[in-house]
Amino acid sequence: MISETREHTMDNTIPGLPNINAEQLDLPSQEKLAPAGSLDHPPRILLLYGSLRERSFSRLLTYEAARILEHFGAEVRIFDPMELPMVGSVSEDHPKVAELRALSLWSEGQVWCSPERHGAITAVMKNQIDWIPLEQGALRPSQGRTLAVMQVCGGSQSFNVVNTLRLLGRWMRMFTIPNQSSVPMAYKEFDEEGRMRPSAYYDRVVDVMEELFKMTLLLRGRTDYLTNRYSERNERARKAIDRQIAKL
């Protein structure tokens, strides 16, 4: 029988959970999920696309998404991947690298949109994600951000790209929304001015941006608490004890 007690014993252990450091264990509550910090600014959304072509359908789809987000009230920034060096080829203070990292830190949510190439995301898309570190000093440029994923296909519809982007988003500790967009035969879906034609695919893009905006509003002011992990608190506590012992 599993006991439902939350009481600690006199030696600050938890009955039935001897491996847990009770001092570092948080008991979640609705009150702790109250938003914290200043929320006076509009939701900040960064959009990345994965092609350098002059007529890039991933870029055109990204701009459509940006227009929708701006209508909802978001402040949007679109990063231009042109002239972003390959990871490892230059130092981290390269202007394009610094720009991308600053935008990721600035953002509260992101949109990633890539063409499908050989059944996967493009090198242009992966290079941008690879330049965003899991940790940057004491900061984490991607953790806690919301994420929407989209792809464009030259042929029939697939979900290879959005599946890969979801995997990467999870690795980057982002909150990836359930909805997604995959646009097949993208060359048919945009007019000569680069605007997306009305279709069920366009409606799906609206759905995705609407859900991203809602989830970003929902998580704003709460991500610090939501991403505060027991394992990391416990590790910091152990290291603090080790430092104290080393001073003796």
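Which backbone atom lies 2.6 Å from a polar atom of the side chain of serine 182? The backbone oxygen of serine 158 does. The model is predicted. This briefing covers its largest pocket, with a volume of about 720 Å³, and four residues: glutamine 151, in strand E4, serine 182, in strand E6, phenylalanine 190, in the loop between E6 and H5, and aspartate 26, in the segment before strand E1.

**Largest pocket**

- The volume of the largest pocket is about 720 Å³. Its lining consists of 31 residues, of which Gln143, Arg145, Thr223, Asp224 and Thr227 are the closest to the centre.
- Four helices each give two or more residues to this lining: H2 (95–106), H5 (200–219), H6 (223–226) and H7 (230–247). Helix H6 supplies the largest share, 3 residues.
- By residue class, the lining of the largest pocket holds 11 charged, 11 polar and 9 nonpolar residues.

**Glutamine 151**

- Strand E4, which spans residues 146–152, contains glutamine 151. Glutamine 151 is buried because its relative accessible area is 0%, under the 20% cut-off.
- The side chain of glutamine 151 has a polar atom 3.1 Å from the backbone nitrogen of valine 162. The backbone nitrogen of valine 161 lies 3.2 Å from a polar atom of that side chain.
- Beyond four places in sequence, the residues that glutamine 151 touches include Ser158, Phe159, Asn160, Val161 and Val162. Leu61, Ser114 and Glu116 are also among them, as are Ser181, Ser182 and Val183.

**Serine 182**

- Serine 182 belongs to strand E6, residues 181–183. Its relative accessibility is 7%, which is under 20%, so serine 182 counts as buried.
- A polar atom of the serine 182 side chain lies 2.6 Å from the backbone oxygen of serine 158.
- With neighbours within four places in sequence left aside, serine 182 is in contact with Gln151, Cys153, Gln157, Ser158, Phe159 and Tyr201. Ser158 and Phe159 are also among the residues that glutamine 151 touches.

**Phenylalanine 190**

- The loop between E6 and H5 holds phenylalanine 190. With 2% relative accessibility, under the 20% cut-off, phenylalanine 190 is therefore classed as buried.
- Phenylalanine 57 is 133 residues from phenylalanine 190 in sequence, yet their C-alpha atoms are 8.0 Å apart.
- Residues up to four places away in sequence excluded, phenylalanine 190 touches Arg55, Phe57, Leu60, Leu61 and Glu64, along with Arg195, Met196 and Arg197. Leu61 is also one of the residues touched by glutamine 151.

**Aspartate 26**

- Aspartate 26 sits in the segment before strand E1 (44–49). Its relative accessible area of 25% lies between 20% and 50%, so aspartate 26 is partly exposed.
- The side chain of aspartate 26 makes two polar contacts described here: one of 2.6 Å with the side chain of lysine 32, and one of 2.5 Å with the side chain of tyrosine 225.
- Not counting residues up to four places away in sequence, aspartate 26 touches Lys32, Tyr225 and Arg233.
- The C-alpha atom of aspartate 26 is separated by 51 Å from that of tyrosine 187, and the two residues are 161 residues apart along the chain.

Definitions and conventions. Residues are numbered from 1 along each chain as its sequence is written. This is a predicted model: local features need pLDDT of at least 70, side-chain atom pairs count only at pLDDT 80 or more; totals for chains, interfaces and linings use all residues. Side-chain values use heavy atoms; hydrogens and water are left out. On a 1 Å grid over the protein atoms alone, a cavity is a set of points where a 1.4 Å probe fits but cannot get out, and a pocket is an open set with protein on both sides within 12 Å along at least five of seven lines; lining residues have an atom within 4 Å of a point. Grid points are joined across faces, edges and corners, and a volume is the space filled by probe spheres set on the points. Ala, Val, Leu, Ile, Met, Phe, Trp, Tyr, Cys and Pro count as nonpolar, Asp, Glu, Lys and Arg as charged, and the others, Gly among them, as polar. Buried means under 20% relative accessible area, exposed over 50%, partly exposed in between (1.4 Å probe, protein chains only). A polar contact is a pair of N or O atoms within 3.5 Å; within protein, one must be able to donate a hydrogen and the other to accept it, and residues adjacent in sequence count only if both atoms are side-chain atoms. Contact means heavy atoms within 4.5 Å.
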